[in-house]
Amino acid sequence: MCTTEKHMIVIGAGIMGASIAYHLASRGIKVTVIDKDQPSSGATGSSFGWIHTTVSDDAPDAFLRRASVADWQRLEKEIPELWVNWTGALSYDDESLESQPNENLLQQPEISRLEPAFNNPPRRAYYAVYDGAVDPIDATHALLEKACSLGATLKIQTPVIGFLQNGNHVTGIQTPEGVLNADNPEIPAIYRPRRIISAPKQP
């Protein structure tokens with residue numbers, strides 16, 4: 001693990017911010033994660049948590065979805081507390097079935113065996129064997145706890161009210177508690193700062 005004196009700020013303690021913080025901290029980088037509420041209290045808390053490759057080859061996010069499976073498998077090994085349910089997934093709308101290979105299409109008896117709780121199972125369904133699911137809130141907490149164990153700092157209920165800027169470079173953030181300086185703040189979520197604060201020019 002390399003070490004550096006750099007200090008990064010991650011704004012947003014959702015699953016994206018937690019992942020960024022963990023990967024930075026695992027490389028020996030000083031990280032502060034800041035959130036105006038609690039971890040996973042935004043979009044992460046209401047997300048479905050489906051890790052899937054069920055996407056056509058020409059989809060703009062096809063590579064990202066398929067690469068994410070390998071990344072989640074790697075994270076499971078690095079963080080034992082992070083649990084993924086790799087039971088596969090069934091898709092059974094007519095549009096998705098048209099683009100799937102026949103060898104992965106299941107008939108009703110097989111569907112009922114995989115999903116016995118179906119009251120009215122579809123006639124056919126596509127079975128994505130390698131798909132998984134994760135509890136996004138639990139995963140976020142596991143990533144943040146691991147990041148903090150590696151030296152990261154988590155500041156919750158702390159809103160960001162502005163950015164410090166030196167020329168074209170953002171050098172820190174403004175909070176109600178004061179200024180927090182950093183080498184390169186990372187902003188994983190869409191964030192609209194209320195104001196930009198210019199840093200004093202160096203003599």
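**Exercise 1. Is Phe48 buried, partly exposed or exposed?**

Solution. This is a predicted model, so every value below is computed from it.
- Start with the relative accessibility of Phe48, which is 70%.
- Compare that with the cut-off: exposed means over 50%.
- Phe48 therefore counts as exposed.

**Exercise 2. Describe the aromatic pair that Phe48 belongs to.**

Solution. Let's take the geometry step by step.
- A pair of aromatic rings is described by the distance of the centres and the angle of the planes.
- A search of the whole structure turns up two aromatic pairs. In one of them, Phe48 is paired with Trp50, at 6.4 Å centre to centre and with 85° between the planes.
- Planes over 60 degrees apart count as edge-to-face, and the Phe48 and Trp50 pair is edge-to-face.
- Now check the partner: Trp50 has 34% relative accessibility and counts as partly exposed.

**Exercise 3. Work out which parts of the chain are tied together by the pair of Tyr92 and Phe118.**

Solution. Geometry comes before location here.
- Tyr92 and Phe118 are also edge-to-face, at 5.6 Å centre to centre and 80° between the planes.
- Tyr92 sits in the loop between strand 4 (89-91) and helix 3 (94-98), while Phe118 sits in the loop between helix 4 (108-114) and strand 6 (124-128), so the pair ties together parts 26 residues apart in sequence.
- For accessibility, Tyr92 stands at 42% and counts as partly exposed. Phe118 has a relative accessible area of 26% and is partly exposed too.

**Exercise 4. Build a picture of the largest pocket.**

Solution. Go from its volume to its lining.
- The largest pocket holds about 760 Å³ of space.
- Its lining has 23 residues, and those nearest the centre are Ile15, Met16, Ile51, Ser68 and Trp72.
- At least two lining residues come from each of helix 1 (15-25), strand 3 (50-51), helix 2 (62-78) and helix 5 (136-149). Helix 2 gives the largest share, with eight residues.
- Sorted by character, the lining has twelve nonpolar, seven polar and four charged residues.

**Exercise 5. Summarise the chain as a whole.**

Solution. Four quick readings do the job.
- Elements: the protein chain has five helices and twelve strands.
- Burial: of its 203 residues, 38% are buried.
- Contacts: among those with a separation of 6 or more, 63% join residues 24 or more positions apart.
- Surface: the accessible surface is about 12500 Å², and carbon and sulfur atoms account for 51% of that surface.

Conventions
Residues numbered from 1 in each chain as written. Predicted model: local features only at pLDDT ≥ 70, side-chain atom pairs only at ≥ 80, totals over all residues. Heavy atoms only, no water. 1 Å grid on protein atoms, 1.4 Å probe; cavity = no way out; pocket = protein on both sides within 12 Å on 5 of 7 lines; lining within 4 Å. Points joined across faces, edges and corners; volume = space filled by probe spheres on them. Helix = DSSP H or I, 4+ residues; strand = E, 2+ residues; numbered from the N terminus. Nonpolar A, V, L, I, M, F, W, Y, C, P; charged D, E, K, R; others polar. Buried < 20%, exposed > 50% of the residue type's maximum accessible area, 1.4 Å probe, protein only. Contact = heavy atoms within 4.5 Å. Areas by Shrake-Rupley, 256 points an atom, 1.4 Å probe, with all protein chains shown as cover. Phe/Tyr/Trp six-rings, centres within 6.5 Å; stacked < 30°, edge-to-face > 60°.
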